[in-house]
Amino acid sequence: MPFNVIDLNGAERAPRSPHAPRVLIYSHDTFGLGHIRRCRAIANSLVASYPHISVIIVSGSSVISSFQFGDGVDYVRIPGVEKQSDGRYSPHHLNLDLSDTIRLRTDLIKQVVLSFDPDVVIVDKEPVGLRGELLPSLELLRRRGARIVLGLRDVLDEPGKLLEEWRHSGALDALAVYDDIFVYGLESVYQPLLGLPDQHLFADKVRYTGYLKRAVPSPMPPNRHPRITKGPFILVTPGGGGDGMGLIDWVISAYETDPTIELPALIVFGPFMSREKRKDFAERIARVPKLESLGFEPRLELLMNRAHCVVAMGGYNTFCEILSFDKPALIVPRVRPRLEQSIRAERADGLRLVDVLHDPVETGQGPRDPKLMAAALHALPKRMPPSQAFVPSLLDGLPAISRALADDLSMPIRGRALAQNAAAVS
C-alpha cells in the first residue's frame, strides 16, 4: 500500500504518482563559498550517476548563479544572511531584522519541501539549519517518509567548541531525526563527532565517504586568464576572500622582498574581499612583475588544474581540489573563529599531503616575516604532489555517496514500491 501520512497542516499526503526520485540539498550559506561548492559537487555527481533524477539546492548564497550545474540540477535562492566579524548574523540585502528574515527563510524552505516533495534530503553541515530554520521542514520530511541525510565536512571544529555550539542550537537532539550521517573525509584523518556525548545514539549512522574529488569544468567563453598562466605558476587562493587578507598580504610581501622567487604567482581575491583591500592589493601587485591578480573565478578548478602548485588557507573545498588535481600545496590556515582549517592542515601535513605554514599574526606570535614566506615559496615547486603520500580511498567520496543512496535513486518511486511488494509476495 502507498505510504500515507498526515502533513503538518493536517492534510493527508496524496498517493504518489510514478516519478523519478527527487533530491533536495539544503545549504545555509552564511559566508564564503565552501557550502555551495560542496553541494554543487554532490548534486552534479548524483545526476551523473542517476540521470533520471531531479535535484534542487536550497541556498542563501549570493553567488550561486555564477556556478555551473549539471542537467537535472536547479536551485532556489532564499534571502541571504551574513556573519559579521563579531559573530552576529544580519540580513545580507533585506532591510528586515534577523528574526523576520529567518522566519521568511523558514517559510520558503518549507514551501519548497511541500511542492518538490523530495525522496532524499541532504543537509549540509548544520543539523537544524541557521537558527533552527530547518526544524519545521525536518518534521514534515520525517512524516512524509523521506530519507534524511546529514552531510559533514571532515573537520567542524575542536570538540569542546562543537559540543557547546550544538548544545546551544539544538543540533544534538536533532541527530535523532537523521537516517544517515555522511562525513566527507576519512576516519583515519579525523572524526568530527568523536567529542559528542551519547555516541551510541548516532554512531551507527556515521559513514566516512572519503573526500569529494573535483573535475575540470568545461570552459565557458570568453575564458581569458592572465598571461602568466601560460607557463608554470603558483595559484594563491583565499577561497571566498572575506577573511584571506593576511595570506595575500604575506605572499605579496614575499615577492616584494625577494625578486628571486622562481615561479610567478596568480592571486585570486575571491568575491567577498572588500573593494578597499582589493584595490590596495592590486596597486601593490601591479608594481611586482611576477604577480598578477583576478577578482573572482567561479571555475577555479580550471586554474587549479593549470597551476604548478598552490598556496591556500585550507578550507575544505580548496583542500579537495588540491588533492583532486594533485598539486604541491602550502596551507596557511586561519585559527579564528574556529580551528577547522588548522586541524585539517596539521592532519594533512602529518600524512605528507601538504606543507603547513602558520600565520604568526593569527597565532599571536608577532608580525609576518616576508623572508619566511619567500623561503616557503622557493621550496614549494620542489615538493612531491599529494598522490605520493599513498593514502587509500582518499578521494572516493562522490562515488561512495552515490552508492549509499542507490536504493533510493536507482528506480522510480512507484517502481520501487512494486518491486518491494513482489518480493514480499514471493
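The following dialogue works through selected features of a predicted model.

Colleague: How should the confidence of this predicted model be read, and what is its average pLDDT?

Modeller: Where pLDDT is low, the predicted coordinates should not be read in detail. In this protein the average pLDDT is 88, and 89% of the residues score at least 70. Residues 1-16 stay under 50, and for them the model has 31 contacts beyond four places in sequence. The pLDDT is also below 50 over residues 414-423, a stretch with 8 contacts beyond near neighbours in sequence.

Colleague: Which overall figures describe the protein, and how many helices and strands are there?

Modeller: The protein contains 14 helices and 15 strands. Of its 426 residues, 54% are buried. About 18,700 Å² is exposed, with carbon and sulfur atoms supplying 52% of that area. Among contacts with a separation of 6 or more, 76% are between residues 24 or more positions apart.

Colleague: How does one read a sheet, and in what order do the strands of the 7-strand sheet lie?

Modeller: Strands of a sheet pair through backbone hydrogen bonds, either parallel or antiparallel. Here, 7 strands form an open sheet with parallel pairing, in the order β3-β2-β1-β6-β7-β8-β9. Its edges are β3 (73-77) and β9 (206-208), each of which pairs on one side only. Ignoring direction, neighbouring strands of this sheet are turned by 20 degrees against each other on average. As one pairing to inspect, β7 (residues 147-153) runs parallel to β8 (residues 180-184), and 5 bridges join them. Within that pairing, Arg153 has Tyr184 of β8 as its bridge partner.

Colleague: What is the strand order of the 6-strand sheet, and why is one side of β12 and of β15 left without a neighbour?

Modeller: This open sheet of 6 strands has the order β12-β11-β10-β13-β14-β15, again with parallel pairing. Both β12 (291-294) and β15 stand at the edges with a single partner strand each, so one side of each has no neighbour in the sheet. The pairing of β14 with β15 is parallel and spans 2 bridges. Ile331 has Val356 of β15 as its bridge partner.

Colleague: How is burial along a helix to be read, and which residues of α10 are buried?

Modeller: An α-helix has 3.6 residues a turn, so residues three or four places apart point the same way. In helix α10 (residues 340-350), the buried residues are Glu340, Gln341, Ser342, Ile343, Arg344, Ala345 and Ala348. Their cover includes β7, α9 (316-324), β14 (329-331) and β15 (355-356). Just after α10, Arg352 has a positive phi of about 65 degrees. In the loop between β14 and α10 lies Pro337, which is joined to Arg336 by a cis peptide bond with omega about 5 degrees.

Colleague: What does the nonpolar interior consist of, and which residues have the most contacts inside the largest core?

Modeller: The largest nonpolar core has 61 residues, and Ile122 and Leu235 have the most contacts inside it. Helix α1 (residues 34-49) contributes the largest share of this core, 6 residues. Another core, of 35 residues, lies apart from it and includes Ile109, Val123, Ala171 and Leu196. Beyond four places in sequence, Ile122 touches Val23, Leu24, Ile25, Tyr26, Ile42, Leu46, Val149, Tyr184 and Leu405.

Colleague: Where should one look for positive phi in residues other than glycine, and what is the phi of Asp117?

Modeller: Asp117 has a positive phi near 55 degrees and is found in the loop between α2 (98-116) and β6 (120-124). Asp326 likewise has a positive phi, near 55 degrees, and is found in the loop between α9 and β14.

Colleague: Why is Asp117 counted as buried, and is Asp326 buried or partly exposed?

Modeller: The cut-off for buried is under 20% relative accessible area. Asp117 is buried because its relative accessible area is 13%. Asp326, at 27% relative accessibility, counts as partly exposed.

Colleague: How may a loop residue be placed in its surroundings, and where does Thr209 lie?

Modeller: Thr209 lies in the loop between β9 and β10 (234-237), and it is buried, with a relative accessible area of 5%. Not counting residues up to four places away in sequence, Thr209 touches Phe182, Val183, Tyr184, Gly185, Asp396, Gly397, Ala400 and Ile401. Thr209 and Gly185 are 24 residues apart in sequence, while their C-alpha atoms are 5.9 Å apart in space.

Conventions: Residues numbered from 1 in each chain as written. Predicted model: local features only at pLDDT ≥ 70, side-chain atom pairs only at ≥ 80, totals over all residues. Heavy atoms only, no water. pLDDT = per-residue confidence, 0-100. Contact = heavy atoms within 4.5 Å. Pairing = 2+ DSSP bridges. Helix = DSSP H or I, 4+ residues; strand = E, 2+ residues; numbered from the N terminus. Axes fitted to C-alpha atoms, helices over the stretch in contact; angles between N-to-C directions. Buried < 20%, exposed > 50% of the residue type's maximum accessible area, 1.4 Å probe, protein only. Areas by Shrake-Rupley, 256 points an atom, 1.4 Å probe, with all protein chains shown as cover. Core = buried A, V, L, I, M, F, W, Y, C linked by side-chain atoms within 4.5 Å.
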